[in-house]
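Please work through the exercises below with the sequence and the structure open beside you. Each task is followed by a solution that goes step by step.

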Amino acid sequence: MQFITSVLSKTREFSELSQAHKNGAIPAAVFGVSHIHRVAVISSLIEKNGGKAMLLVSDEGEAQRSAEDFVSLGLKPLVFSDREYAPRVVLSHSREYEHIRLGTLSKVLEGDFDVLICPATAAVGRTITPEMLKSRCFSLKTGDKFNTRELVAKFSAAGYVRCEQVEGVGQYAVRGGIVDVFTPDASQPIRIDFWGDEIDTIASFEVDSQRR
């Protein structure tokens with residue numbers, strides 16, 4: 001990536017764009033570059049001037065392709081997926097996209113990204129406010145003192161559904177001193193073991209076998 005930035009920095013056009021970006025003289029437009037060159041220019045601007053970027057694209061497919069290109073250049077992209085729209089009233093529908101969007105917004109709140117990539121329709125839609133999302137977020141670690149009833153109340157307030165056994169995102173289960181929960185930003189659910197009111201261990205587990 002340093003080599004690409006070094007080569008681009010020798011061009012007048014990139015130097016002018018970099019200076020405009022640094023001075024806040026935006027919006028600025030770049031014409032005549034292909035998809036991969038656009039990714040290279042944005043990556044070089046981040047490397048040269050610091051900060052983060054937001055890239056608007058036409059659809060989900062282009063967002064995923066751009067994310068792969070940013071990864072290949074050593075950056076950490078996030079894709080903010082569009083909503084799943086139902087053209088008619090249905091009795092039930094998957095909330096997978098809502099969970100993915102919440103996981104992405106949580107990472108944005110933490111600053112855990114370099115580039116946020118948004119399909120245009122996703123970028124203009126309403127979302128939960130940063131303040132509300134932040135008020136629903138909390139962290140746990142081994143050794144923390146935490147009453148299980150208080151923990152369950154926090155999960156319920158955040159919209160989690162209690163069930164006998166965790167099988168999907170947005171669910172939690174309680175069995176004695178064990179609390180299972182599947183958060184939107186995780187690939188596997190988490191098992192929290194309590195010793196009294198103290199967290200003894202935290203580990204992921206498999207949904208199918210329910211084993212760590």
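**Exercise 1. Find which residues Ser66 touches, not counting residues up to four places away in sequence, and decide whether Ser66 is buried or exposed.**

Begin by placing the residue: in this predicted model, Ser66 lies in helix 4, which spans residues 60–72. Next, list the contacts beyond four places in sequence, which are His35, Arg38, Leu55, Val57 and Ile117. Finally, compare the relative accessible area of Ser66, 0%, with the cut-off for a buried residue, which is under 20%; Ser66 is therefore buried.

**Exercise 2. Describe how helix 1 and helix 3 pack, and say which residues make the contact.**

Two packed helices are described by the angle between their axes and the distance between the axes. For helix 1, residues 2–9, and helix 3, residues 35–49, the angle is about 95° and the axes are 9 Å apart. Angles of 65 to 115 degrees count as roughly perpendicular, and the two helices are therefore roughly perpendicular to each other. On the side of helix 1 the contact is made by Gln2, Ile4, Thr5, Leu8 and Ser9, and on the side of helix 3 by Ala40, Val41, Ser44, Glu47 and Lys48. Sorted by class, these are four nonpolar, four polar and two charged residues.

**Exercise 3. Place Ser43 in the structure and state how far apart in space Ser43 and Ile4 are.**

Ser43 is found in helix 3, and with a relative accessibility of 1% it counts as buried. Along the chain, Ser43 and Ile4 are 39 residues apart, while their C-alpha atoms are 9.1 Å apart in space. When residues up to four places away in sequence are left out, Ser43 touches Met1, Phe70, Leu73 and Leu75.

**Exercise 4. Identify the residues with the most contacts inside the largest nonpolar core, and the elements that give two or more residues to this core.**

In soluble globular proteins, nonpolar side chains tend to be buried together. Here the largest nonpolar core has 14 residues, and those with the most contacts inside it are Ile42, Ile46, Leu55, Phe70, Val115 and Ile117. Two or more residues come from each of helix 3, strand 1 (53–57), helix 4 and strand 3 (115–119). Taking Val115 as an example, and leaving out residues up to four places away in sequence, one finds that it touches Ile46, Ala53, Leu55, Phe70, Leu75, Lys76, Pro77 and Leu78. A second core, separate from this one, has 11 residues, including Phe146, Leu151, Val179 and Ile192.

**Exercise 5. Determine where Pro119 is placed and with which residues it is in contact, leaving aside its neighbours within four places in sequence.**

Pro119 has its place in strand 3, and its relative accessible area of 2% makes it buried. Leaving aside neighbours within four places in sequence, Pro119 is in contact with Val57, Asp59, Glu60, Ala63 and Phe80. As for distance, Pro119 and Ser81 are 38 residues apart along the chain, and their C-alpha atoms are separated by 7.1 Å.

**Exercise 6. Count the aromatic pairs, and examine those that Phe155 forms with Tyr160 and with Tyr172.**

The count comes to four aromatic pairs. Phe155 and Tyr160 form a tilted pair, with 5.4 Å from centre to centre and 55° between the planes, and both residues are buried. Phe155 and Tyr172 also form a tilted pair, with 5.5 Å from centre to centre and 40° between the planes. Since Phe155 lies in helix 8 (residues 148–157) and Tyr172 in strand 5 (residues 171–175), this pair ties together parts that are 17 residues apart in sequence. Tyr172, like Phe155, is buried. Finally, Phe138, Phe146, Phe155, Tyr160 and Tyr172 form one aromatic cluster.

**Exercise 7. State in which strand Arg162 has its place, and how far apart in space Arg162 and Arg101 are.**

Arg162 is in strand 4, residues 161–162. Its contacts, apart from neighbours within four places in sequence, are with Val152, Tyr172 and Val174. Arg162 and Arg101, which are 61 residues apart in sequence, are 21 Å apart in space from C-alpha to C-alpha.

Methods
Residues are numbered from 1 along each chain as its sequence is written. This is a predicted model: local features need pLDDT of at least 70, side-chain atom pairs count only at pLDDT 80 or more; totals for chains, interfaces and linings use all residues. Side-chain values use heavy atoms; hydrogens and water are left out. Axes are lines fitted to C-alpha atoms, for helices over the stretch in contact, and angles run from 0 to 180 degrees between N-to-C directions. Angles under 35 degrees count as roughly parallel, over 145 as roughly antiparallel, 65 to 115 as roughly perpendicular and the rest as oblique. Contact means heavy atoms within 4.5 Å. Ala, Val, Leu, Ile, Met, Phe, Trp, Tyr, Cys and Pro count as nonpolar, Asp, Glu, Lys and Arg as charged, and the others, Gly among them, as polar. A nonpolar core is a set of buried Ala, Val, Leu, Ile, Met, Phe, Trp, Tyr and Cys residues joined through side-chain atoms within 4.5 Å. Buried means under 20% relative accessible area, exposed over 50%, partly exposed in between (1.4 Å probe, protein chains only). Rings of Phe, Tyr and Trp (its six-membered ring) pair if their centres lie within 6.5 Å; planes under 30 degrees apart count as stacked, over 60 as edge-to-face and the rest as tilted.
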